[in-house]
Structure formats: structure tokens, C-alpha cells
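Trainee: I've got this model open and would like to work through its packing with you. Can we take it piece by piece?

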Amino acid sequence: MKVEISHISKTLRGAKVLDDVSLTLEGGNIYGLMGENGSGKTMLMRTVCGLVRPDRGTVTFDGQDRKTAKPVLGVMIENTALYPDLTGMENLGLFASILRIADKNAQAEAMERVGLDPKDRRTYRKYSLGMKQRLLLAQAIMEKPQVLLLDEPTNAIDAEGVALTHEIMRQEADRGAVVLLASHISADIHDLCCKVYRMDRGRLEDGV
């Protein structure tokens, strides 16, 4: 899978949040995005996954638009919340029902990969912050996505969880996925990524 982001621009409430961003991402690699809060990292991910429509520019998957290519996307965007009164497996089952790719076994496997128990009957509202982050990662990987977008995936996770998250990212890239990681944690970026980009006020700077 090759993702091509070509001359993407977006203005919200009079402020340019993405400014002529172009980037090519190829399967089997982990790419990093660095930048201050509000620099455009999350907005770029939202545009790639279709949550935001750009004012100008295109995003293609193997040369085709999203509707034609129908890529399988795994998305973990900062400040996302799941359903508070459902268990971990119930949450995954609800999301899996959309594409019908990940069956119960795949959902349980995803939970186990991130260090959660599929049989845990606690609801999401009773999870610790670290457990919530792990469950968000599980929903992002359960369908074996072609493109995996991870926004600050190690926030609120302990050292063991950070190491596990890093290993999962490597496994997903080895499987052939495009992995795009946004993080303010230098170790996340430089230990994992084949190329790192910096964003500043909506503009993508040369790799660092």
C-alpha cells in the first residue's frame, strides 16, 4: 500500500491548520510526526482517514481515491473515547460490525496483544487511563489494517505498556502496513521510525 498526500490545505475558523502538505508513505514502514500541540499533526491524520475534508489537495491509496481503493484503516486519534457502559469486547464488537472483517476471535486476539483480558466484564468507564489507551489500540489493529494512524498512542501507559505498544507497531509494519505515528515523546519517534517529519503551524518540514 502506498499513501500519497498531495498539496493538502485546510482552513478552520479563519486559521490555516494544514498548509500545502505533501507526503508519500509506503507499506512496511513506520513514519513519525513531531510538533507542538496545534501544529497540525492530528488534523493531518483526520484528513488521511476521511474525518476531515481538505479545502484543496488529494489523498490517494495505491493511486486511487478512498471510495475506489476502499483501504482498511486503523485509527487511534488522541482524545477519542469509546462507549463507557460497554465492556472491552462489547466495544470492539460494535466497531467490528461496521466492516465485518474482525470476528470474535480477531477481537479477542487484539485485546490479548495489547495486554487486556477479553473476558474482563468491567465496563470501559471503569478502566484506568492506561487500559483505555490499550483498548483504543486494540480497536485500531483488530482488522489488520493496511494503514495504521496512531496519535500519541503511549500517553498514560506504563513502561511495560510502552514497550508492548512499540512491539505492536513494529509487527504491523512487518506485516506490510503503513504506520504513521504522531508523538511528542522522542523515544517513540526516533527508536521506531524510518523517517521523521516535523510540523509547524500546518506546514510539513523536511525530515529530521
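What follows is a chat about one helix, the cores, the cavities and a few single residues in this predicted model.

Trainee: Let's start with α6. How many Å does α6 reach from its first C-alpha to its last?
Mentor: Helix α6 runs over residues 159-175, which is 17 residues. At 1.5 Å a residue you'd expect 24 Å, and the helix comes close to that. Its reach from first C-alpha to last is 24 Å.

Trainee: Why do the buried residues of α6 sit on the same side of the helix?
Mentor: The buried set is G161, T165, H166, I168, M169, E172 and A173. An α-helix has 3.6 residues a turn, so residues three or four places apart point the same way. The buried residues of α6 are on the same side because the arc they cover around the axis is only 160°.

Trainee: And which exposed residues does the face turned away from the buried side of α6 carry?
Mentor: The buried side is covered by elements including β3, α4, α5, β6, β7 and α7. Turned away from that side is a face with exposed residues. Those are A159, E160 and D174.

Trainee: What about just after α6: which residue takes a positive phi there?
Mentor: Helix α6 ends its run at residue 175. Just after it, a phi of about 115° turns up, and the residue that takes it is G176.

Trainee: Now the core. Which element gives the most to the largest nonpolar core?
Mentor: That core has 36 residues, and L135, L150 and V179 have the most contacts inside it. At least two residues each come from β3, α3, α4, α5, β6, α6, β7 and α7. The top contributor, with 7 residues, is α5.

Trainee: Which residues does L150 contact, leaving aside neighbours within four places in sequence?
Mentor: L150 is one of the residues with the most contacts inside the largest core. One of its partners is M169, which is among the buried residues of α6. The full list for L150 is M45, M76, L137, A140, M169, V179, L180, L181 and A182.

Trainee: Over to empty space. Which element gives the most to the lining of the largest cavity?
Mentor: Searching the whole structure turns up 2 cavities of 30 Å³ or more, and the largest holds about 40 Å³. Its lining consists of A106, E109, A110, R113, I141, M142 and K144. With 4 residues, the biggest share comes from α4.

Trainee: A110 is in that lining. Is A110 buried or exposed?
Mentor: A110 belongs to helix α4 and touches A138, I141 and M142, not counting residues up to four places away in sequence. A110 and A138 are 28 residues apart in sequence, yet their C-alphas are 5.0 Å apart. The relative accessibility of A110 is 3%, so it counts as buried.

Trainee: Which residues is T60 in contact with, beyond its neighbours within four places in sequence?
Mentor: T60 is part of strand β4. Its relative accessible area is 17%, so T60 is buried. Its contacts are K2, V3 and E4.

Trainee: Last one: R100 has a positive phi although it is not a glycine. What is its value?
Mentor: You'll find R100 in the loop between α3 and α4, and with 74% relative accessibility it counts as exposed. K70, also not a glycine, has a positive phi of about 50°. For R100, phi is about 60°.

Key. Residues numbered from 1 in each chain as written. Predicted model: local features only at pLDDT ≥ 70, side-chain atom pairs only at ≥ 80, totals over all residues. Heavy atoms only, no water. Expected span 1.5 Å × (residues − 1). Buried < 20%, exposed > 50% of the residue type's maximum accessible area, 1.4 Å probe, protein only. Arc of directions from axis to C-beta. Contact = heavy atoms within 4.5 Å. Core = buried A, V, L, I, M, F, W, Y, C linked by side-chain atoms within 4.5 Å. 1 Å grid on protein atoms, 1.4 Å probe; cavity = no way out; pocket = protein on both sides within 12 Å on 5 of 7 lines; lining within 4 Å. Points joined across faces, edges and corners; volume = space filled by probe spheres on them.
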